[in-house]
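User: I'm new to reading protein models and would like to zoom in on a single helix. Could you walk me through one part closely and then show how it fits with the rest?

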Amino acid sequence: MPNNTTILKKYPTIGVCGLDCGLCPRYNTDGPSRCPGCAGPDFLNNHPSCSFITCCVKSKGLEVCAECVEYPCQKFKSKDEYGLLAESTSYPPYRKVKSNLNFIKEHGIERFIDIQKRRIELLETMLREFDDGRSRSFFCRASALLGLAELEDSLKEAAMEIEASHVSQIDVKSKAKILKTILLETATKMGVDLKIKP
């Protein structure tokens, strides 16, 4: 039986249930409120029990539900039901759960983790260079919902606009506004809603 400090999963940045834990504001913060990711270090001391972890990780020794022969089981909602769930500003979007797990089932978890690592790198750049103290959740959502190419292009476009507008590198508020505008425009073109659903 694992103790409360045991690391149960190799990849805590992806939730057993498919949530993008590595793109969550609580994962990308400092201090005691930081989440260690799904079944990461000290997870069991800080989180209530999770039926997905109990079934998938503890009982079956799997990393994510997509590796289970019973996936998708009755624990999962339909895509439409996930779309109707209220979303938290401090949690990654539920609407990616099924698509993340389906990708893992088709291509393997290592391929998913490679892509997710790149998303996390782009998010870290946004938080390091553009976070005005009020944009963390927005950047996390954009990193989870937009494509890699769109994220990379948005960061390049923001850098060019900042340079062309002679915005100081220490003017984080103006830089954040520029990047957020570009990300919102990109999301609109893709038909992606970056707003929190109440």
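Analyst: Here is a close look at helix α7, followed by its surroundings and some salt bridges. Keep in mind that this is a predicted model.

Let's start with the whole chain. It has 8 helices and 0 strands, so read along the sequence the pattern is simply α-α-α-α-α-α-α-α. Of the 198 residues, 44% are buried.

Now zoom in on α7, which covers residues 148-164. How far apart should its ends be? At 1.5 Å a residue, its 17 residues should span 24 Å, and the end C-alpha atoms are indeed 24 Å apart, so the expected and computed spans agree.

Next, look at which residues of α7 are tucked away. Leu151, Ser154, Leu155, Ala158 and Ile162 are buried. These five cover an arc of only 95° around the axis, which means they sit on the same side of α7. Turn to the other side of the helix and you find Lys156, Met160, Glu163 and Ala164, which are exposed. For the labels, buried means under 20% relative accessible area and exposed means over 50%.

So what covers that buried side? The cover includes α5 (109-130), α6 (136-145) and α8 (172-190). Just past the helix, have a look at histidine 166: it follows α7 and has a positive phi, near 55°.

One of the covering helices, α5, has a salt bridge worth finding. Glutamate 121 pairs with arginine 118, with the closest N and O atoms 3.1 Å apart. Both lie in α5, 3 residues apart, or about one turn of the helix. Glutamate 121 is partly exposed, at 41% relative accessible area, and arginine 118 is partly exposed too, at 31%. Salt bridges that share partners join Arg118, Glu121 and Glu152 into one network. Glu152 brings us back to α7, because that helix runs over residues 148-164.

The structure holds 6 salt bridges in total. Another of them joins the side chains of lysine 9 and glutamate 63, at 3.4 Å from N to O. Lysine 9 lies in the segment before α1 (43-46) and glutamate 63 in the loop between α2 (51-59) and α3 (79-84), so the pair ties together parts that are 54 residues apart in sequence. Both partners are hidden from view: lysine 9 is buried at 4% relative accessible area, and glutamate 63 is buried at 11%.

Finally, back to the whole chain: among contacts with a separation of 6 or more, 68% are between residues 24 or more positions apart.

How values were computed
Residues are numbered from 1 along each chain as its sequence is written. This is a predicted model: local features need pLDDT of at least 70, side-chain atom pairs count only at pLDDT 80 or more; totals for chains, interfaces and linings use all residues. Side-chain values use heavy atoms; hydrogens and water are left out. Helices (H or I, at least four residues) and strands (E, at least two) are DSSP runs, numbered from the N terminus. The expected span of a helix is 1.5 Å times one less than its number of residues. Buried means under 20% relative accessible area, exposed over 50%, partly exposed in between (1.4 Å probe, protein chains only). The arc is that of the directions from the helix axis to the C-beta atoms. Contact means heavy atoms within 4.5 Å. A salt bridge is a side-chain nitrogen of Lys or Arg within 4 Å of a carboxyl oxygen of Asp or Glu.
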